Amino acid sequence: MLLGAIADDLTGATDLALMLSREGMRTVLAVGVPPDDFEYQGADAVVVALKSRTSPAAEAVTLSLRALACLTGSGARQVMFKYCSTFDSTPEGNIGPVAEALLEALKTDITIVCPAFPANGRTVYQGHLFVGDQLLSESPMKDHPLTPMTDSSLVRLMHAQTRLPVGLVDRKTVAGGPAAVRDAFERARGQGTKLLVVDAISDDDLRVIGEAAAGLRLVTGGSGIAIGLPENFRRAGLLGVSRITSRFAAPPGRAVTLAGSCSRATRDQIATALAAGTPAFRVDPVAIAETRLSPGQVVEWAVATEGVPLIYSSAEPQAVRDAQQRLGRDRAGEIVEHFLADAAAGLLDRGFSRFLVAGGETSGAVVGALGVPALLIGPEIDPGVPWTLSLGSERPLALALKSGNFGGTGFFSKAWEMLS
Ligand SMILES: Nc1ncnc2c1ncn2[C@@H]1O[C@H](COP(=O)(O)OP(=O)(O)OP(=O)(O)O)[C@@H](O)[C@H]1O
Ligand SMILES: O=C(O)[C@@H](O)C(=O)CO
């Protein structure tokens, strides 16, 4: 194993695994910390998908260290910690605490912090994260149900989340190429800086940073930062030049779309699907809490519905706030996650084998309920979202796990057409 990665949610893990596959690494995704006898299938890269983004920081650290032990125990030469390209976190973490714990466990002195993913509009300039043409704190991320982002300065956010010294490598330095960035790492090292936020506004910048990061034991960032890492292994003669051609044969069976993401992109995709006449069932968290709605009812509705049914809880920010006021923020989230997971398990029992799930937390819950221990990465649907095939599940499943804010407005029909 050349690269071992720890992702703080499942859609983020598929996003990273897609990036590594595209750059020519045979990549396997493990759902949760893999057991000792996990079959790595000779992979160049293994991505461990956790569900640690919004768990208490201490829990996220423990889980991440367990994943790290598996990856380093299997010989990973470099380790990556993958978090969201919109830096989804709270003042308590979990990005800072996990990065700090990984640095310490790997006995290494410095790492980079770079969530940039230009293909999806995430860029970092002067240490500030932009989403499209908006600062993070002015983007729809300010209304996220679990991790509202109200500050765009990555340096400030990292200061709030760790006790470690934080520095910045600015765009001007990155424009100077890999040697200039490596020099900046050395200078920062000399000053005792441990976490270096790095500017990146294009894939070219990310390739420069990737090359400069060849000697770093730990790299942290969004999937974009991985774009330049495979080439380092190639330069070192450890990775072949051939690109991976993904063979993808989706199993037969019925299909369903499940959406628990309240992100802007998902809401637009739902609106597009509804306008096109997609049969849809809207799930209300308060109705679930008051036991007026059960997963079984939704399963029966989907079974009786023709085409690809859409089951969604996604709602506008005000409706989410109302539900959270009634139920509590975490409880509202958990109620919906459990509901959609139970509905997915019910649909699996009724012969469904193709699942498109929108939302990272939602995907984690659904894939857990479907009993899928690992995934093989298939073709890209939109930047950051591949079709995947289950590995080691009772029967083969096709899964598209979409990050909440990824994908064009016609994403659902585009994804399903790829399987028809
Ligand atoms: N109507 C609702 N009211 C309150 N909470 C909701 C509602 N619908 C969904 N949720 C919760 O909001 C959270 C959405 O998080 P999720 O990670 O699934 O989506 P996302 O943040 O858009 O995606 P990603 O993490 O991939 O960016 C989940 O915990 C979900 O259960
Ligand atoms: O980086 C991203 O934006 C995604 O891969 C993700 O982590 C969403 O949950």
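This is a short talk on the two domains of a protein chain, the two ligands, and one helix. The model is predicted, so please keep that in mind throughout.

I'll start with the overall layout. The protein chain is divided into domain 1, residues 3-235, and domain 2, residues 254-419. Their centres, taken over C-alpha atoms, are separated by 26 Å. Domain 1 puts 26 residues into the contact, and domain 2 puts in 29 residues. On the domain 1 side, α1 (10-22) and β2 (27-31) each supply at least two residues. The largest share of that side comes from α1, with 8 residues. By class, the side of domain 1 that touches domain 2 has 12 nonpolar, 9 polar and 5 charged residues.

Now the ligands, beginning with ligand 2. Where does ligand 2 lie with respect to domain 1 and domain 2? Both domains give residues to the shell around ligand 2, so ligand 2 lies between them. There are 13 residues around ligand 2, and those that come nearest are Gly12, Asp15, Ser85, Gly360 and Ser403. Helix α1 turns up again here: the largest share of this shell, 3 residues, comes from α1. The shell divides into 9 polar, 2 nonpolar and 2 charged residues.

Next, ligand 1. Around ligand 1 there are 29 residues, of which Ser261, Gly333, Gly359, Gly360 and Gly404 come nearest. Domain 1 and domain 2 each contribute at least three residues to this shell. Three helices, α12 (317-327), α13 (329-349) and α14 (360-370), each supply at least two residues. The largest share, 4 residues, is from α13. In terms of class, the shell around ligand 1 holds 16 polar, 10 nonpolar and 3 charged residues. Gly360 is among the nearest residues for ligand 1, and Gly360 is also among the nearest for ligand 2.

Last, helix α2, residues 57-73. Does the length come out as expected or not, at 1.5 Å a residue? The 17 residues of α2 should span 24 Å, and the end C-alpha atoms are 24 Å apart, which agrees.

Which residues of α2 are buried? They are Ala60, Val61, Leu63, Ser64, Ala67, Leu68, Cys70 and Leu71. An α-helix has 3.6 residues a turn, so residues three or four places apart point the same way. The cover over the buried residues of α2 includes the strands β1 (3-7), β3 (45-49) and β4 (78-82), along with helix α3 (95-105). Just after α2, glycine 75 takes a positive phi of about 95 degrees.

Conventions
Residues numbered from 1 in each chain as written. Chains lettered and ligands numbered in written order. Predicted model: local features only at pLDDT ≥ 70, side-chain atom pairs only at ≥ 80, totals over all residues. Near = placed C-beta within 6 Å. Nonpolar A, V, L, I, M, F, W, Y, C, P; charged D, E, K, R; others polar. Domains from an automatic or database assignment. Contact = placed C-beta atoms within 7 Å. Expected span 1.5 Å × (residues − 1). Buried ≥ 20, exposed ≤ 12 C-beta atoms within 10 Å, placed from the backbone.
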